[in-house]
Amino acid sequence: MKDMNRIPVISIIGPTAVGKTQLSLSIARDLDAEIISVDSRQVYRYLDIGTDKASREDRRSVIHHLIDIADPDEVFTVMDFIEKTKAAAERIVRRGKKVLFVGGTPFYYKSLFDGTIHSDLPTDPEVRSIIEERLHKTGKNELFNELSRVDPVTASRLHPNDTRRVVRSLEIFELTGRIASWWYEKENQPSSLFNNLYIGLERPRSQLYERISQRVREQFNKGYVEEVKWLLDNSFKEDSPSLQGFGYREIVSYLKGNISFEEAILSDIKATKTFSRRQMTWFRKFYPIMWYDTSVIPPGDLHDQVISMCKAHYEEASA
């Protein structure tokens, strides 16, 4: 029987540089869909080249959501993403359109569709380092008191001497905007709003690495450095949330004279490759999913196969 409470949706996932954007545009046109971006960096305004956003022309052709909705120095949490995504999806459906999720931020997908396993919550070495600095300056008891103020439930489960878990709990709060105990309560509770099918795109690692190297060099040649310089010149600090990601970090270091232009490129390429491996580690666990090797399927055939799978998903959801 048709589940009237769940919206049938398609999510196109895969590692960076695999070809999600171009496929999603053609799929969206054929399905009469609007795209919701699932990318933790594309939410930021003025970060265009480094985040590889769809062009403004493409965004006029197919409506996109959750792109350019936060300033570079604004903290944007996974809870912000979930709330804005659900609101956008409901508006899209009211207009009689279909919802197509596209992007490569695994934690956003997992939080939206599956609930979240606590061990899979995001980490950030720089955020953790700042919290650990507070630990060394103020002591373990004061840090524990800080946790007690923001998350008394988690604090009640821990001892002040368990500084590793205290630091981790504060890191979760700062990264996600929700306390750790909230995530424990929501663990493995699926979303009731969406009936999702993942369409996974992949390529052999050697080919993907070649595409990553080529894309990074193209970004640097298209004004990537100038983009970062503009941000800094307009009073956005180098410690802004948006500038903490790979690529932007390297260019800031280059502009400060710490590394050469070529070193910045090579460091960005290396970091992007590492990120692509981490993405696939996550995506391999996603379900239900249909995988397509974009290195062996011609673009036209890939489009047709994905369209057929999408239509079958919609039919099953409405049966």
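I will go through the sheet of this model, the helices packed on it, and then a few unusual backbone positions.

Please keep in mind throughout that what we are looking at is a predicted model.

Let me start with the sheet, which is an open one built from 6 strands in the order β3-β2-β4-β1-β5-β6, with parallel pairing. At its edges are β3, residues 64-65, and β6, residues 289-293, each of which pairs on one side only. If we look at one pair in detail, strand β2, residues 33-37, runs parallel to strand β4, residues 98-102, and the two are joined by 5 bridges; in that pairing, Ile 35 stands opposite Leu 100 of β4.

Helix α1, residues 20-31, packs on this sheet and touches β1, β2, β3, β4 and β5, with a direction that makes about 175° with that of β4. Helix α4, residues 106-114, also packs on the sheet, touching β1, β4 and β5, and here the angle between the direction of the helix and that of β5 is about 155°.

Now to the backbone, where I would point to three places. The peptide bond between Tyr 287 and Pro 288 is cis, with omega at about -10°, and Pro 288 sits in the loop that lies between α13, residues 261-283, and β6. Asp 68, although not a glycine, has a positive phi of about 60°, and this residue belongs to the loop between β3 and α3. Ser 235 is likewise not a glycine and has a positive phi, of about 75°, in the loop between α11 and α12.

Is Ser 235 buried or exposed? Its relative accessibility is 55%, and because the cut-off for exposed is over 50%, Ser 235 counts as exposed.

How values were computed
Residues are numbered from 1 along each chain as its sequence is written. This is a predicted model: local features need pLDDT of at least 70, side-chain atom pairs count only at pLDDT 80 or more; totals for chains, interfaces and linings use all residues. Side-chain values use heavy atoms; hydrogens and water are left out. Two strands pair if DSSP finds at least two bridges between them. Helices (H or I, at least four residues) and strands (E, at least two) are DSSP runs, numbered from the N terminus. Contact means heavy atoms within 4.5 Å. Axes are lines fitted to C-alpha atoms, for helices over the stretch in contact, and angles run from 0 to 180 degrees between N-to-C directions. Buried means under 20% relative accessible area, exposed over 50%, partly exposed in between (1.4 Å probe, protein chains only).
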